[in-house]
Amino acid sequence: MSLSRGTAAPRDAERIINVIETPTRFSTLDWGRVDLDRYPHMVTESPGPKSREIHARCTKYFKGLSEQVKLFPVVFESGEGCILRDADGNEYIDFSSGIYVATLGHCHPKISEAVAKMAGQLMNAHDFTTPIKTALMEKLAQILPGDLNGFQLYDSGTTAVEAGLRVMRAATKKNEILSCFNDYHGKTQGAVSLGHIRSFVYGAVRVPGMHMVPRPDTYRPMWTKPDGTIDTDKHIEFYDEYIDKATVHNVAGFCLEPIQGWGGTIMPPDDFFPKLRKFCDDRNLLLMADEVLTSWGRTGRYLCMEHWGVVPDIVTIGKGFGNGFPVTCVAVREPYKESFEAISASSSYGGNPMACAAALASTQVIEEENLNEWAEHLGNVAIKRMQKMKDEHPIVGDVRAKGCLLGIEMVKDRVTKQPFNEAGKLVYQKAFRKGLAWIPAGHILRLSPPIVMDEATLVRGLDIVDEAIAETEKELLG
Ligand SMILES: Cc1ncc(COP(=O)(O)O)c(C=O)c1O
């Protein structure tokens, strides 16, 4: 196959960057709007016969599927905006964004075009500087809060987390790191050591120096004040005591998720991160926020930590960053920039021109069309509709939303809050069959609609969830 001469590389930087700055009247929110007279559009049972046949052939060889697929083995062929199409022609409203990835909708034209143009121009130049990378660096420095202005790029959330941990150690010359129960940071040895390790690595041991402490959870508080409200201070006091008694006093800092995604959209109280920031400052510890899942519009901000006015020392950015193209970032504050030099930070694919084009285009779309604001608005619409589900269904223990990061917790009993795994599984499958693509997590249902969705489609998707909950309640409780 020969490279088309018609798309030969432009000679100067400006022309390369202009590739993705085509002036256009395109409106993402118009493009994302779903015609509810047509969608969801189910033409066969689901998973249908073609899905089942293709899935059986593929999984003869492809092993290690997620619960999302095991519980609903449908075969997707295409996606556009907020709609996913399967091999049998069924069309689903998408509440998954893949797995929190296609935040701006599937195959956003501006992002697809930017990647396609780079694919015809330059796919890889290791970590040599390119004009498109330069444009991305300048954009990131402009939009990120505080002095977060040192960057390195990677090709997965996990590799970004590992690099962030290496920076943390290089910057402090210390090697113990604290994370929190039920956090998730990826599946390599370092990242998995800061998560719920038993779920991810059979027979694994936690890397020495990695510690796990409890974090405040608004629905299941571990420590409460006499008035029943969550006691954040108690957690901070515990960290102080833990560091004193359970570490070898060689602690570099904390690495944790702002809101736990894999754990089931677990929300911290609003005073947690400001208090943790102060604790880290007082104790000379670094604060690393793993925002692989929560960044780039998902919660209505570029960084979720912005909700609490906290600037982390190190932050990982992923998923929606490239809207489907694998590109992730580690951002650090000014004092820690030079620590990238100490960790041999580069990689084969990190910051390749297609990745930079995808990330820059995603960022421009969010910025130019104020999509952070829209995501926040959708979260307010969603929580109202979800609250109604909680009012009407005893098996709904809690509903949570921050922008378009949503969660519904199924319980057997509202007082004991005993998890209702069977209900979670059934609701997931029933809603999927009705035309809603989404994400299970045991007894917690995770919803991650693209932030470009219109309000009516968001509510229609939640209506489908409500119907599935009502049917499940009937089936399990009679
Ligand atoms: C908070 C967080 N960190 C890290 C990762 C790992 O990212 P990846 O699957 O891209 O390696 C994930 C993935 O879900 C995540 O949610």
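Two strands pair if DSSP finds at least two bridges between them. Helices (H or I, at least four residues) and strands (E, at least two) are DSSP runs, numbered from the N terminus. The model is predicted: local features need pLDDT of at least 70, side-chain atom pairs count only at pLDDT 80 or more, and totals for chains, interfaces and linings use all residues. Residues are numbered from 1 along each chain as its sequence is written, and side-chain values use heavy atoms, with hydrogens and water left out.

**Exercise 1. Find the strands that pair with β15, and describe the side chains of β15.**

Step 1. Strand β14 (residues 439–441) runs antiparallel to β15 and is joined to it by 3 bridges. P440 is the residue opposite L445 in β15.

Step 2. Strand β12 (residues 405–410) is also antiparallel to β15, with 4 bridges. Here I408 stands opposite L445.

Step 3. The connection between β14 and β15 is a hairpin with 2 residues between the strands. In its turn, G442 has a positive phi of about 60°.

Step 4. In a regular strand the side chains alternate between the two faces of the sheet. In β15 (residues 444–447), I444 and R446 point one way and L445 and L447 the other. All four are buried, where buried means under 20% relative accessible area, exposed over 50%, and partly exposed in between (1.4 Å probe, protein chains only).

**Exercise 2. Describe the surroundings of the ligand and its polar contacts.**

Step 1. Take a residue as near the ligand if one of its heavy atoms lies within 4 Å of it. The residues are S156, G157, T158, Y184, H185, G186, E257, D290, V292, L293 and K319.

Step 2. Sort them by class: Ala, Val, Leu, Ile, Met, Phe, Trp, Tyr, Cys and Pro count as nonpolar, Asp, Glu, Lys and Arg as charged, and the others, Gly among them, as polar. The shell then has 3 nonpolar, 5 polar and 3 charged residues.

Step 3. Look for polar contacts, meaning pairs of N or O atoms within 3.5 Å; within protein, one must be able to donate a hydrogen and the other to accept it, and residues adjacent in sequence count only if both atoms are side-chain atoms. A polar side-chain atom of D290 is 2.6 Å from a ligand nitrogen atom. A backbone N or O atom of G157 lies 2.8 Å from an oxygen atom of the ligand. An N or O atom in the K319 side chain is 2.9 Å from a ligand oxygen atom.

Step 4. On its own the ligand has 390 Å² of accessible area (Shrake-Rupley method, 1.4 Å probe; for residues, only the protein chains shown count as cover). The protein covers 80% of this area.

**Exercise 3. S97 and K173 have positive phi values: is each buried or exposed?**

Step 1. S97, in helix α5 (residues 97–100), has phi near 50° and is not a glycine. With 1% relative accessibility, S97 is buried.

Step 2. K173 belongs to the loop between α8 (157–172) and β5 (176–180), and its phi is about 55°. K173 is exposed, at 70% relative accessible area.

**Exercise 4. Locate the cis peptide bonds between α2 and α3.**

Step 1. One cis bond joins Y39 and P40, with omega about -5°. P40 is in the loop between α2 (28–32) and α3 (49–58).

Step 2. Another joins S46 and P47, with omega about -5°. P47 also lies in the loop between α2 and α3.
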